[in-house]
Amino acid sequence: MGFDQFVTDRLDRLLGYATAITCDKHLAQDIVQNVLMRAQGKWERIGSMDAPYLYVKRMVTNDYLSWRRRRAAREIAVERSELARHVPSMADPADTHAEREAMRARIAVLPRKQRAALVLRFYEDCSDAEIAQVLGCTESTVRSQLSRALQTLRTHELARSATLGVHS
Amino acid sequence: MNDLIRQAIKAEADERVDSRTVLADLHKAKKRKPLGLIVGVATLTAAAAAAAVIIPTAIKKTDASPAAQTPAAQNVLLIGTDEYHRTDALVFARFEGDGSATIISLPRDIYVGSSPDRINGLYMQDPRKLTDAVEQMTGSKVDHWAAINMSAFGQIAGIVGGVEVCLSAPAKDPLSGVDLPAGKQVVAGDQVLAFLRQRFDLTGGDLDRTKRHQAFLAGLAAKIAGDKAVMMARSVREAIQVDQGWDVVEFAARFQGPVKIRTATLPVGEAVQRDGTSGFAVDPAQTKQFVEKQFNGEGPVRDECVS
């Protein structure tokens, strides 16, 4: 597959993935742009791989995980969780929008690697093996990252339901 | 709960930017390769210089150190970096004892001497390497350096609530989102970053952009006074690093009010290729002479309007 074709096919998906792991669309744009320009330079090699998309996704993920300004990312997340807290506690549990936004806020404050694993599973529908490849770790690490993330989200979900006076 | 997670992640992903914008950016960046890959975070020359001025101004306010004598002039190298700590903008500044300043923008893609590395790659290796190269190139001593992550600059622009600039022609560019009429005006909010970020469709390319930064910086410097300085300092302090042993309080004593700034851009010679990367060579004698002249206050005065 040629580079231009790859970009045409995958750019939008890649931006969606990067936005979901970074929770910052501008940072996501910067990372994707930078990665694609680097990938283009060695496309002969990447293009001939079995799964170029997986490899490029790995580049994007690495860039984000090694991104040094961690504080800023956390600030965005904190800001969002702050917002979530102000979602009226009397909200109708059937209000799916509020529920979703609250979940978004909780995902945004997860550790970066856990969030990446979560996004790969629930947005990219990757198998454990594929996630391991993207994150550059073993499958058992993937499983533990995912279960820790889910546990955190579940704890919060329970707490939230409790304050709303409903049982999930 | 898994469905909720799925929906939440999808909602997050749906915030992504339009892929057509990114595509256009990629294509244009490809064409502009000879000038160096300018991708991602904007080059905000102004931010670097502004930070060096703002921070000490605020420190002075809180520490209230009495200035016993007129401080000596200092040459400061200002390094604007992106989020990845790569050098995006270089400014060599001379701050006089009376608080006036001369700044010279150094194009990033310069090769110094016979080094295979362009100047914008040196800071990441070692700040010392960069200051040595600048001293070698300009023949002037680098007394201190300050590096700032320029993404903090959006906040500064917000705090001052607008800066006066003058455009010689209207600027409209869907890519950066800039949409400004010709003439003297106050740019504020989103237009500030767009104005500084526009790099395509400028006749002079990166050079025009540098001029914009300088115009903006001059406008911003005129606004640095009073309580605003403290707020500005607070927002950029996290994003700035200075060399150890720089007595910023002593440095700050020279700033009594709005800062007068004169700006210039170092002329470069022919484009050269080294190790498959292109950049610019500089004439050593001419460069030294240029810097000396500027620092002596003999340079031409900046045009009031920029393109």
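**Entry: two helices of chain A**

I began with a pair of helices in chain A, and I noted that the crossing of α1(A) and α4(A) is right-handed (the near helix is turned clockwise from the far one by less than a right angle; left-handed would be anticlockwise). Helices and strands here are DSSP runs numbered from the N terminus (H or I over at least four residues, and E over at least two).

The model is predicted, and I kept in mind that local features need pLDDT of at least 70 and side-chain atom pairs pLDDT 80 or more, while totals for chains, interfaces and linings use all residues. Residues are numbered from 1 along each chain as its sequence is written, while chains are lettered from A and ligands numbered from 1 in the order in which they are written.

Helix α1 covers residues 3-22 of chain A and helix α4 residues 52-65 of chain A, and I found that their axes come within 11 Å and cross at roughly 35 degrees (axes are lines fitted to C-alpha atoms, for helices over the stretch in contact, with angles from 0 to 180 degrees between N-to-C directions). On the α1(A) side the residues that meet α4(A) include A:Phe6, A:Leu14 and A:Ile21, and on the α4(A) side they include A:Tyr53, A:Val56 and A:Val60 (a contact needs C-beta atoms, placed from the backbone, within 7 Å). I sorted the residues of this contact by class and got ten nonpolar, two polar and two charged (Asp, Glu, Lys and Arg are charged; Ala, Val, Leu, Ile, Met, Phe, Trp, Tyr, Cys and Pro nonpolar; the others, Gly among them, polar).

I then looked up A:Asp9, which lies in helix α1 of chain A. A:Asp9 counts as partly exposed because it has 13 C-beta neighbours inside 10 Å (20 or more is buried, 12 or fewer exposed). The C-alpha atom of A:Asp9 is separated by 9.9 Å from that of A:Tyr53, although the two residues are 44 residues apart along the chain.

**Entry: where the chains touch**

Turning to the interface, I found 26 residues of chain B in contact with 33 residues of chain A. On the chain B side, the elements that give two or more residues are α1 (2-13) and α2 (19-31) of chain B, and α1(B) supplies the largest share, ten residues. By class, this side of chain B has 15 nonpolar, four polar and seven charged residues.

**Entry: chain B and its sheets**

I counted eleven helices and 13 strands in chain B, and buried residues make up 44% of its 307 residues. Of the contacts in chain B with a separation of 6 or more, 72% join residues 24 or more positions apart.

How are the strands of the six-stranded open sheet ordered? In chain B the order is β10-β5-β1-β2-β3-β11, and the pairing is mixed (strands pair if DSSP finds at least two bridges between them). The edges are held by β10 (240-242) and β11 (261-265) of chain B, each with a single partner strand, so one side of each is left without a neighbour in the sheet. From one strand to the next the twist averages 20 degrees. Helix α11 (residues 284-295) of chain B packs on this sheet, touching β2 (87-95), β3 (101-106) and β11 of chain B, and its direction makes about 155 degrees with that of β3(B). Within the sheet I looked at β1 (residues 74-81) and β5 (residues 144-149) of chain B, which pair in the parallel sense over six bridges, with B:Ile79 opposite B:Ala147 in β5(B).

A three-stranded open sheet of chain B has the order β4-β13-β12, again with mixed pairing. Its edge strands, β4 (110-111) and β12 (271-274) of chain B, each pair on one side only. β4(B) runs parallel to β13 (residues 277-281) of chain B, joined by two bridges, and I found B:Ile110 opposite B:Phe280 and B:Tyr111 opposite B:Ala281. By contrast, β12(B) and β13(B) pair in the antiparallel sense over four bridges, where B:Gln273 has B:Ser278 as its bridge partner.

**Entry: nonpolar cores**

The largest nonpolar core has 50 residues, and those with the most contacts inside it are B:Leu77, B:Val91, B:Ala93, B:Ile104 and B:Leu106 (a core is a set of buried Ala, Val, Leu, Ile, Met, Phe, Trp, Tyr and Cys residues joined through C-beta atoms within 7 Å). β2(B) gives the most to this core, six residues. A second, separate core of 45 residues includes A:Ala28, A:Met103, A:Ala132 and A:Leu135.

Note on methods:
Contact = placed C-beta atoms within 7 Å.
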